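Hi everyone, and thanks for making time for this. I'd like to walk you through a structure that may be new to you, so please have the sequence and the 3D view open.

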Amino acid sequence: MLGGFNARAQHSSDSILSHPFTPKHTQGTILSFIQEIQHSTGIAISYSSSFLHLNKKVQLHGTEKTTGMVLNTILQGTGIQAAAVNGKIFLLRESSQTQYYTLSGFVREETSKEVIIGASIYDPITKRGTVSNAYGFYTLQVPDTCNLIVYSHVGYEPILQKLPPPDDGQLDIYLSARNFLQPVVVNAGPDDTIQLHAGYINMPLSYLNSFPALLGEKDVLKSLQFYPGAGSSLESSSNLLIRGGGADQNLYLLDGVPIYHTGHLFGLFSIFNGDAVKDVSLYKDAFPARYGGRLSSVVDIRTKDGNMKEWHGKAVISPVSGSAELDGPIVKDRTSMSLSFRRSLVDALYGKNYLKDYGNYYLYDINLKVNQVINDKNRLYLSFYKGQDKMLISSENPTIDLFDDYDFSWSNITSALKWASVVSPRIFTNTTVTYSRFHNLFTQKSMIPLSFNDSLYVKGQGVSRVRDMAINNETEFTINNTHKLSFGGGYTYHNLAPTAYSTNIALGVGVKRAAPTYFMSEVNAYAEDQMSLLEDRLIVRPGLHIGALIQKGAGYTSAQPRLLVRWKFNHGQFIEASYATMTQFVHQLTTPVINLPTDLWVPSTDNIKPERSYSYSLAYEKKWDNDWRISVDGYYKQLSDIVTTNTVLNIFDNSDLWEKKVIAGSGTNYGGEVLLEKTKGRFTGIFAYTLAWAWRQFDRINAGRRYPYKEDRRHTISLAMKYQFKPNWSFSASWKFASGAPFTLPQQIYPDMDWARHINGYLDERYSPFSTHLVNYLPFFAGLNNYRLPPVHHLDLGTTIYLGNKSRFKHIISAGVYNIYNRANPFIVSFDQFSYFNTDQVYPLQLYQYSLFRTLPYLNYTFKF
């Protein structure tokens with residue numbers, strides 16, 4: 001059309017486009033300058049608003065003196081030209097040009113106005129899309145030919161948004177929640193943007209309620225264990241192990257704050273209250289550059305922001321705990337809060353006789369989050385968490401024969417203040433100030449027998465703690481739909497006191513010793529570039545994380561490159577490869593059996609280097625019928641400078657500095673994973689299989705030969721299924737299997753004849769009540785972890801009924817049975833000989849297996865309004 005006007009317009013172009021005109025201002029919108037030209041000169045200007053961004057802000061050079069010069073400046077880069085025809089000016093687009101403009105805004109819930117993380121935004125014209133970030137913000141470029149944008153998310157009704165005339169304002173979208181009785185759809189949308197890469201899992205929170213759990217206690221970390229590559233060290237433990245790594249190699253973030261101890265009741269339940277959680281993400285490989293500080297995984301957990309419109313609440317009663325949740329507006333549409341509280345009910349439900357026989361124990365959690373809207377582009381978040389465990393075991397209890405009284409008390413405290421800001425439609429940034437503290441107090445009152453007639457009473461107290469203060473910034477810059485930059489950095493101040501011990505006696509090494517305190521500064525910076533090439537078939541995401549640790553007498557720096565390459569095939573298929581280097585500056589010295597709160601967090605020093613990992617992965621994934629997904633992953637990870645001890649360390653063991661007992665070595669983890677998932681319809685489920693190897697090698701352990709790591713599990717299988725009988729009634733079942741844990745057994749056992757002849761029964765400052773009656777044994781070990789315990793497996797059944805769907809008050813009843821076929825799984829296995837003062841009660845020297853959970857029914861009740 002523009003070409004057809006050229007001949008006819010030539011004679012009048014000079015007179016109209018050369019008409020003298022000087023604007024009053026040098027800044028404004030395209031529309032304001034067009035209206036000023038028409039008003040001042042009387043020349044009519046014709047255009048179509050469908051392809052002209054009228055509200056785009058423009059800047060003149062100040063040298064424009066004619067209508068043509070002004071129009072050329074304000075239309076520069078738009079692909080639109082001015083043509084004069086019969087005394088009028090026409091603004092026409094070149095036939096080869098398409099104008100793009102940027103959509104940005106927040107995706108929120110319709111009723112609560114809470115932001116939605118990971119929502120899919122999709123342009124059907126260009127077949128390109130994006131996802132909302134951890135604060136619900138999105139940026140997408142669309143052509144002027146686009147009429148509709150698709151917005152969707154798991155658990156919400158998708159909407160087709162008709163685009164308004166393009167302008168610089170935000171396009172905030174509000175999605176309405178699906179009926180909570182409808183089947184859950186895990187993956188949605190043809191753009192395939194929800195699943196960022198194969199080693200990343202964004203777990204639908206519906207999984208917390210979909211499948212049966214131990215005593216009905218829904219647990220975030222246990223739900224992640226349904227996926228391949230994620231397991232547990234012990235039966236029904238929340239202690240998450242990723243691809244052969246230790247528990248301390250996982251970075252747990254609660255609203256961006258690192259957590260150093262995640263277990264309640266010695267790891268049977270996690271500290272993350274499911275009522276408070278909004279979003280859970282697990283990274284097993286291809287770590288984004290913004291994460292650092294751990295070797296195995298990142299578990300990023302976000303809590304609820306609070307309802308901006310109305311108050312809602314929930315109360316849950318289970319066999320072991322009670323919880324309550326309340327969220328709503330403090331100031332409607334401006335300030336909201338979410339408050340959750342959970343407490344164990346063992347002491348209340350099972351009476352004084354139970355506590356007298358076994359001991360006293362309780363736990364509680366508090367989650368609080370306040371969400372303040374400053375304006376459309378700025379928002380503040382304040383979050384707080386406090387968790388406490390306290391257990392007392394008396395030597396007077398009749399069930400367990402003890403000589404000591406034990407008092408355990410450990411707690412976590414975290415707080416975070418976040419400022420999220422939209423700098424421009426393409427730039428989003430957030431700055432976070434955090435505080436984290438883990439504190440453990442362990443008291444023991446002991447009776448040390450000196451003879452049959454004399455004893456020494458000792459009271460000892462151990463303290464261990466970790467404190468962190470940090471400030472971090474993360475910025476996202478969307479260049480266009482195929483190019484996105486992320487960068488940022490931060491500073492963390494660590495204060496670690498691994499072990500302090502005091503006692504009421506002074507026997508050399510037993511005298512009071514203050515904790516050696518370590519003050520460290522950790523600095524990090526990162527940059528990442530995500531590019532989509534070859535019409536979105538190839539995605540490349542290079543990144544670099546730089547970390548530095550500075551403390552007195554030691555300093556380390558680490559450059560950690562990351563790379564993800566993904567090739568997309570037709571029919572919902574892709575293949576992906578990734579590489580990541582990770583560095584860990586702090587270490588956890590653990591017991592060989594379970595992850596106790598008495599385990600020590602220690603820093604890298606001049607003698608102990610940071611741990612490092614170099615991981616490689618290759619994955620294939622396919623989706624079909626929008627219902628099914630299958631993925632196959634292979635991984636290989638090399639570990640260097642990993643630490644262990646050749647003894648058991650805890651907060652009582654500071655008779656010598658812990659640093660002298662640490663041994664550094666290497667490791668190798670490798671294996672394969674298969675995931676088959678059905679995500680839609682009445683029948684949904686997960687099948688996950690992992691084949692894995694985990695090896696460790698230390699010069700001073702096992703004669704320098706490599707051996708299976710204590711968390712090595714050759715085969716792990718998870719099978720979970722759910723069937724929706726009726727809209728308000730579902731049935732679920734899950735079966736888990738894990739190969740037995742490695743275990744060290746002696747090759748031979750020799751009698752120690754000198755034990756019985758030792759004067760007065762003393763041996764290494766210990767007294768043997770049967771020194772004159774029985775013979776002590778000395779084991780000979782040919783290799784470490786040379787035996788495997790029996791496998792762990794159990795079948796669990798459950799059902800859930802929803803009542804009062806159409807009323808304001810809703811009721812949910814969940815019931816089920818854990819370990820339906822009464823399997824005696826090994827929880828702790830020890831090779832020992834037990835005896836007491838009564839020498840007739842002497843157990844033979846053999847393996848003893850302790851099983852915690854046989855068949856256990858449960859019944860839960862939830863009230864919501």
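Let's start with a single side chain. A polar atom in the side chain of Glu 64 lies 3.0 Å from the backbone nitrogen of Gly 62. The backbone nitrogen of His 61 is also there, 3.1 Å from a polar side-chain atom of Glu 64. Before we go on, please keep in mind that this is a predicted model.

Where does Glu 64 sit? You'll find Glu 64 in the loop between strand E3 (57-59) and helix H3 (67-74). And is Glu 64 buried or exposed? With a relative accessibility of 4%, Glu 64 counts as buried, because the cut-off for buried is under 20%.

Now look at what surrounds this residue. Setting aside neighbours within four places in sequence, Glu 64 is in contact with Phe 21, Thr 22, Pro 23, Met 69, Val 70 and Thr 73. Take Thr 22 from that list: Thr 22 and Glu 64 are 42 residues apart along the chain, yet their C-alpha atoms are separated by 6.7 Å.

From there, let's follow the chain into H3. Helix H2 (residues 30-41) packs with H3, their axes 10 Å apart and at an angle of about 170 degrees. The two helices are therefore roughly antiparallel to each other. Which residues meet where they pack? From H2 come Ile 30, Phe 33, Ile 34, Ile 37 and Thr 41, and from H3 come Thr 67, Val 70, Leu 71 and Ile 74. Val 70 may sound familiar, since Val 70 is also one of the contacts of Glu 64.

Next, a small sheet. Three strands form an open sheet in the order E2-E5-E4, with mixed pairing. Strand E2 (45-46) and strand E4 (80-85) are the edges: each has a single partner strand, so one side of each has no neighbour in the sheet. E2 pairs with strand E5 (residues 88-93) in the parallel sense, over 2 bridges. If you'd like to find that pairing on screen, look for Ser 46, which stands opposite Phe 90 in E5.

Now to charges. As background, side chains of opposite charge can pair when their charged atoms come close. How many salt bridges does the structure hold? The answer is 24, and I've picked three to show you.

The first on my list is Asp 255 with Lys 369, where the closest N and O atoms are 3.5 Å apart. This pair links distant parts of the chain, 114 residues apart: Asp 255 is in the loop between strand E16 (250-254) and strand E17 (257-259), and Lys 369 is in strand E25 (residues 360-375). Asp 255 is buried, at 4% relative accessibility, and Lys 369 is buried too, at 8%. Both belong to a network of salt bridges that links Glu 114, Asp 255, Lys 278, Asp 305 and Lys 369.

Next comes Lys 304 with Glu 325, whose closest N and O atoms are 3.0 Å apart. Lys 304 lies in the loop between strand E21 (297-303) and strand E22 (312-317), while Glu 325 lies in strand E23 (residues 321-331), so the pair ties together parts that are 21 residues apart in sequence. Glu 325 is buried, with a relative accessible area of 8%.

My last pick is Asp 407 with Lys 390, at 3.8 Å from N to O. Here the link runs between strand E27 (residues 405-424), which holds Asp 407, and strand E26 (residues 378-393), which holds Lys 390; the two parts are 17 residues apart in sequence. Asp 407 is partly exposed at 25%, and Lys 390 is partly exposed at 30%.

One more single residue: His 545, in strand E32 (residues 538-551). His 545 is buried, with a relative accessible area of 5%. What does its side chain reach? The side chain of His 545 reaches the backbone oxygen of Ala 289, at 2.7 Å. Beyond its neighbours within four places in sequence, His 545 has contacts including Tyr 291, Asn 524, Tyr 526 and Arg 562.

Finally, let's move further along the chain. Strand E42 (residues 715-726) and strand E43 (residues 729-738) run antiparallel, joined by 10 bridges. They form a hairpin with 2 residues between them, and Ala 720 stands opposite Ser 734 in E43. E43 also pairs with strand E50 (residues 792-803), antiparallel and over 10 bridges. There, Trp 729 has Ile 801 in E50 as its bridge partner.

That's my tour, and I'm happy to take questions.

Conventions. Residues numbered from 1 in each chain as written. Predicted model: local features only at pLDDT ≥ 70, side-chain atom pairs only at ≥ 80, totals over all residues. Heavy atoms only, no water. Pairing = 2+ DSSP bridges. Helix = DSSP H or I, 4+ residues; strand = E, 2+ residues; numbered from the N terminus. Salt bridge = Lys/Arg side-chain N within 4 Å of Asp/Glu carboxyl O. Buried < 20%, exposed > 50% of the residue type's maximum accessible area, 1.4 Å probe, protein only. Contact = heavy atoms within 4.5 Å. Polar contact = N/O pair within 3.5 Å; in protein donor to acceptor, adjacent residues only side chain to side chain. Axes fitted to C-alpha atoms, helices over the stretch in contact; angles between N-to-C directions. Parallel < 35°, antiparallel > 145°, perpendicular 65-115°, else oblique.
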